[in-house]
Amino acid sequence: PAFARGVTLRFDKLAAGETRRISPLDLHPDHDFLADLQESVNGSIRVVATAASQELPSVSQPVQLLAYDQWAGTRALRELLAAFCMPNNPAVDGLIGKASRLLRAGYPELSMNGYPSKSRDAVWKQVSSIYSTMAAENLQYVLPPASFGSDGQKIRTPDRILEARVATCLDLAMLFASCLEQAGLRPVILIKEGHAWVGVWLHLASFADVLVDDVQA
């Protein structure tokens with residue numbers, strides 16, 4: 001399908017056996033097409049070489065186009081899971097507002113401001129208020145696809161979760177992560193086969209790399 005406009009590259013001359021690497025290659029994706037994609041579809045990228053107006057042999061590379069709300073899982077580009085942490089989603093603001101009021105009711109001296117206090121206890125109380133707020137929403141758990149860890153799954157956005165009141169463990173983990181990030185905290189998503197959790201740094205720190213496979217770390 002027409003998921004990209006494509007690109008034309010021109011060379012004055014290519015010697016026999018010469019190789020040129022074009023990187024990065026911008027195919028000019030059609031964002032409207034991709035944003036409206038509700039289910040994954042198979043596509044292909046076709047490369048055609050022409051010389052003196054004569055078409056030479058071509059080659060096609062199959063690609064899979066994912067729906068806008070679909071994560072490909074751990075099989076490729078696992079770090080794209082971070083795209084589903086959506087602190088600016090309007091539904092997150094509503095949750096943070098409720099959590100902030102809950103926090104101030106129990107601890108008038110505290111606010112939902114992340115790490116400036118340099119107190120692990122203050123951060124923990126912020127996290128606790130967000131957790132209690134989410135629990136009060138009475139969201140219903142639904143099972144994810146059996147192989148969601150490797151093959152991925154569709155991930156509900158925060159507004160869809162609060163509208164439908166159902167979510168998988170990964171949906172909830174990303175919703176919680178979105179709230180933590182909006183509160184100025186640094187979340188971490190942990191995944192093992194069949195399940196996902198969310199964690200958070202209690203002090204201003206982070207891992208050196210986006211992906212960490214070392215369980216001990």
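Phe-207 is a fair place to start in this predicted model. Its relative accessible area is 31%, so Phe-207 is partly exposed, given that buried means under 20% and exposed means over 50%. The ring of Phe-207 pairs with the ring of Trp-201. The centres of these two rings are 5.1 Å apart and their planes meet at 70 degrees, an arrangement called edge-to-face.

A pair of aromatic rings is described by two values, the distance of the centres and the angle of the planes. The whole structure holds two aromatic pairs. In one of them, Tyr-131 and Phe-176, the ring centres lie 6.3 Å apart and the planes are at 35 degrees, so this pair is tilted. The angle that counts as edge-to-face is over 60 degrees, and stacked rings need planes under 30 degrees apart. Tyr-131 belongs to helix α3, residues 120-136, and Phe-176 to helix α6, residues 169-182. The two residues are 45 positions apart, so the pair links distant parts of the chain. Are the two partners buried or exposed? Tyr-131 is exposed, at a relative accessible area of 53%, whereas Phe-176 is buried, at 11%.

Helix α6 can be followed further. Of its 14 residues, 11 are buried, so the helix is largely enclosed by the rest of the structure. Among the buried residues are Leu-170, Met-174, Leu-175 and Phe-176, and also Asp-171 and Ser-178. The length of α6 can be checked by simple arithmetic. A rise of 1.5 Å a residue predicts a span of 20 Å for this helix, and its end C-alpha atoms are 20 Å apart, which agrees. After α6 comes Gly-184, which has a positive phi near 85 degrees.

Back in helix α3, where Lys-125 is also placed, a charge meets a ring. The charged end of Lys-125 sits over the ring of Tyr-107, 4.8 Å from the ring centre. Is Lys-125 buried or exposed? Its relative accessible area is 16%, so Lys-125 counts as buried. Leaving aside residues up to four places away in sequence, Lys-125 touches Leu-103, Tyr-107 and Leu-110.

Charged side chains also meet each other. Side chains of opposite charge can pair when their charged atoms come close. How many salt bridges does a search of the whole structure find? The search finds nine. One of them joins Glu-18 and Arg-20, with the closest N and O atoms 2.9 Å apart. Glu-18 is partly exposed at 36% relative accessibility, and Arg-20 is partly exposed at 42%.

Another salt bridge joins Glu-137 to Lys-98, at 2.9 Å from N to O. Glu-137 is in the loop between α3 and β4, while Lys-98 is in helix α2, residues 90-106, so the bridge ties together parts that are 39 residues apart in sequence. Glu-137 is buried, with a relative accessible area of 11%, but Lys-98 is partly exposed, at 39%. Glu-137 also forms a salt bridge with Arg-165, where the closest N and O atoms are 2.7 Å apart. Arg-165 lies in the loop between α5 and β6, so this bridge ties the loop of Arg-165 to the loop of Glu-137 across 28 residues of sequence. Arg-165 is partly exposed, at 33% relative accessibility. Lys-98, Glu-137 and Arg-165 are thus linked in a network of salt bridges.

The strands come last, in two hairpins. In one hairpin, strand β1, residues 41-51, pairs with strand β2, residues 54-65, in the antiparallel sense over 10 bridges. Within this pairing, Val-47 stands opposite Val-59 in β2. Two residues lie between β1 and β2, and in this hairpin Ala-52 takes a positive phi near 55 degrees.

In the other hairpin, strand β7, residues 187-192, pairs with strand β8, residues 195-200. This pairing is antiparallel and has six bridges. Which residue in β8 is the bridge partner of Lys-192? The partner is His-195. The hairpin of β7 and β8 has two residues between its strands, and here Gly-194 takes a positive phi near 90 degrees.

Methods: Residues numbered from 1 in each chain as written. Predicted model: local features only at pLDDT ≥ 70, side-chain atom pairs only at ≥ 80, totals over all residues. Heavy atoms only, no water. Phe/Tyr/Trp six-rings, centres within 6.5 Å; stacked < 30°, edge-to-face > 60°. Helix = DSSP H or I, 4+ residues; strand = E, 2+ residues; numbered from the N terminus. Buried < 20%, exposed > 50% of the residue type's maximum accessible area, 1.4 Å probe, protein only. Lys NZ or Arg CZ within 6 Å of the ring centre and 35° of its normal. Salt bridge = Lys/Arg side-chain N within 4 Å of Asp/Glu carboxyl O. Pairing = 2+ DSSP bridges. Contact = heavy atoms within 4.5 Å. Expected span 1.5 Å × (residues − 1).
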